[in-house]
2 protein chains.
Amino acid sequence: MTTRTRHTERREEALSRERIAEAAVELLDVAGEGGLTFRALSAQLRTGPGAIYWHVANKDELLAAATDAVLTDALTADTAALAGDAPGTPENAVRAVALGVFDAIDAHPWLGAQLARVASMSTTLRLFECIGRQVQALGVPENAQFDSASALLNYILGVAGQNAANARTQPPGTSRADVLSAESAVWANLDPEDYPFIRNVAAQLRDHDDRAQFLAGVDLILAGIASLR
Amino acid sequence: MTTRTRHTERREEALSRERIAEAAVELLDVAGEGGLTFRALSAQLRTGPGAIYWHVANKDELLAAATDAVLTDALTADTAALAGDAPGTPENAVRAVALGVFDAIDAHPWLGAQLARVASMSTTLRLFECIGRQVQALGVPENAQFDSASALLNYILGVAGQNAANARTQPPGTSRADVLSAESAVWANLDPEDYPFIRNVAAQLRDHDDRAQFLAGVDLILAGIASLR
DNA sequence: ACCTGAACACCGTTCAAGT
DNA sequence: ACCTGAACACCGTTCAAGT
């Protein structure tokens, strides 16, 4: 064995908020929401549980730091992608931001749950600012900008929460198609008397595209906003 | 002291899923999300922690039962209110359902967090069915019904999550006006360079109406849906 | 069938003690 | 200033034992 074992963390580097957040993200990605404990985290960082408290006040702050780290990447990455993309209309900018969040949640399922519960922390505020600027650019009357941006943000966060919830239902690593066909089967077996609508759309659920449906919702709100002008 | 002390729970009644759910709701209302523990619950029910597990599989199921109990009341109450209300258009029915959920969350802040994380449990499905029927009644083309109902549901659940998060930030019992002015102050102090939009709307936040803004979002989506016909 | 309550494994957090 | 790790209080859950 000439290949040296690679540890994700080196013992020599000093602890820092950034390294802690990074390790937390790794742990959340690999082991899910339940996998992030101060003990597991300190083991990965080769230190004691108490050491982490020197840099982070408590678990909420730890989760916020992890959320912030991932979403910062997502928001900067998708505005970059926008440059080489379709026409730079405000509508497309809103779609790009929304999809950036959606894809980040897809890659880190725990992120959805966090975004849906943290509210008004720095992460959500940055997202709100992002959306608000585009709403302004859309030419929405001043007195309707707040409501419009709010609607978009809340819709995005709602989808975030539901995606996270769906991810938690299934064992980690289940493919998206499997999740959909499992859920579709549940819907198809509902009492037709009590659930006529859901049974009707059960077939559509099986082979629909989450991402496309998410975007359809964004477009619906954008159409509503357009009607304000 | 001739007045007899009234206990919320009588020792004599047998345990049941319903009584457990009821007591859980009471505990959540009084002590918040952190107040619901099997020990506290069994103390209130004058029994042992193990007894609860005979009727409820685990804590997730306990929370689901509590959520279900509250939302069932909300959904039946608001459809009743609809009868004596404004014209019975499908739009108004959607508004009534949405406001029913909003007000239920207002009365039980923990409900928002639950709705935002449970997904596809019976509670959310019933809400989805409710909305879907009205979308159908709106005359939305068949192939757009699923997306439209999804958008409405996700928006409602997004607001649910954010309201719950806001409630958790402030100490329990803080008035809505206090929450808003505290948050407004945070917004007004943001760096004007990084957060021009949010600083702009900070003033609107202070004396805005959560409920009205929620309804504005619903109307935005309804306007988007109307544009599909 | 239903309830009791001690016990288990685990968690967030603290803090005296070290360097 | 920063880290260590034992200790505390508490939690979800189990299960042998009771009725």
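Biologist: Which element gives the most to the surface near DNA strand C?
Modeller: This is a predicted model in which local features need pLDDT of at least 70 and side-chain atom pairs count only at pLDDT 80 or more, while totals for chains, interfaces and linings use all residues; side-chain values use heavy atoms, without hydrogens and water. Residues are numbered from 1 along each chain as its sequence is written, chains are lettered from A, and ligands are numbered from 1, in the order in which they are written. A residue is near a strand if one of its heavy atoms lies within 4 Å of it, and helices are DSSP runs (H or I, at least four residues) numbered from the N terminus. With five residues, the largest contributor near DNA strand C is helix 3 of chain B.

Biologist: Which residues are the closest to DNA strand C?
Modeller: The strand is surrounded by 17 residues. By class they are seven nonpolar, seven polar and three charged, where Ala, Val, Leu, Ile, Met, Phe, Trp, Tyr, Cys and Pro count as nonpolar, Asp, Glu, Lys and Arg as charged, and the others, Gly among them, as polar. The closest are A:Arg39, A:Lys59, B:Thr47, B:Gly50 and B:His55.

Biologist: How many Å separate a base nitrogen of DNA strand C from an N or O atom in the side chain of A:Arg39?
Modeller: A polar contact is a pair of N or O atoms within 3.5 Å; within protein, one must be able to donate a hydrogen and the other to accept it, and residues adjacent in sequence count only if both atoms are side-chain atoms. On the phosphate side, oxygens of this strand lie 3.1 Å from a polar backbone atom of A:Phe38 and 3.4 Å from a side-chain N or O atom of B:Trp54. For A:Arg39 and the base nitrogen, the distance is 2.6 Å.

Biologist: Which elements give two or more residues to the surface near DNA strand D?
Modeller: Among the 17 residues around this strand, A:Thr47, A:Gly50, A:His55, B:Arg39 and B:Lys59 come nearest. B:Arg39 places a side-chain N or O atom 2.7 Å from a base nitrogen, and a polar backbone atom of A:Gly50 is 3.5 Å from a base oxygen. The contributing elements are helix 3 (49–55) of chain A, and helix 2 (38–44) and helix 3 (49–55) of chain B.

Biologist: What domain does UniProt list for residues 14–74 of chain A?
Modeller: Over this segment the chain is 74% helix and 0% strand, and its end C-alpha atoms are 27 Å apart. UniProt positions are given in the numbering used here, with shortened feature names, and annotations may be inferred rather than shown by experiment. The unreviewed entry lists the domain as HTH tetR-type.

Biologist: How are the two copies related?
Modeller: Copies are superposed by least squares on the C-alpha atoms of residues with pLDDT of at least 70 in both. Chain A is laid on chain B with an RMSD of 0.0 Å by a turn of 180° and a shift of 0.0 Å along the axis. The copies are therefore related as by a two-fold rotation axis.

Biologist: What area is buried between chain A and chain B?
Modeller: Contact (heavy atoms within 4.5 Å) takes 58 residues from chain A and 58 residues from chain B. Buried area is the accessible area (1.4 Å probe) that two parts lose on being put together, summed over both. Carbon and sulfur atoms give 61% of the total, which is about 4600 Å².

Biologist: Which residues of chain A lose the most area to chain B?
Modeller: Three residues together account for 17% of what the chain A side buries. They are A:Phe146, A:Phe197 and A:Leu220.
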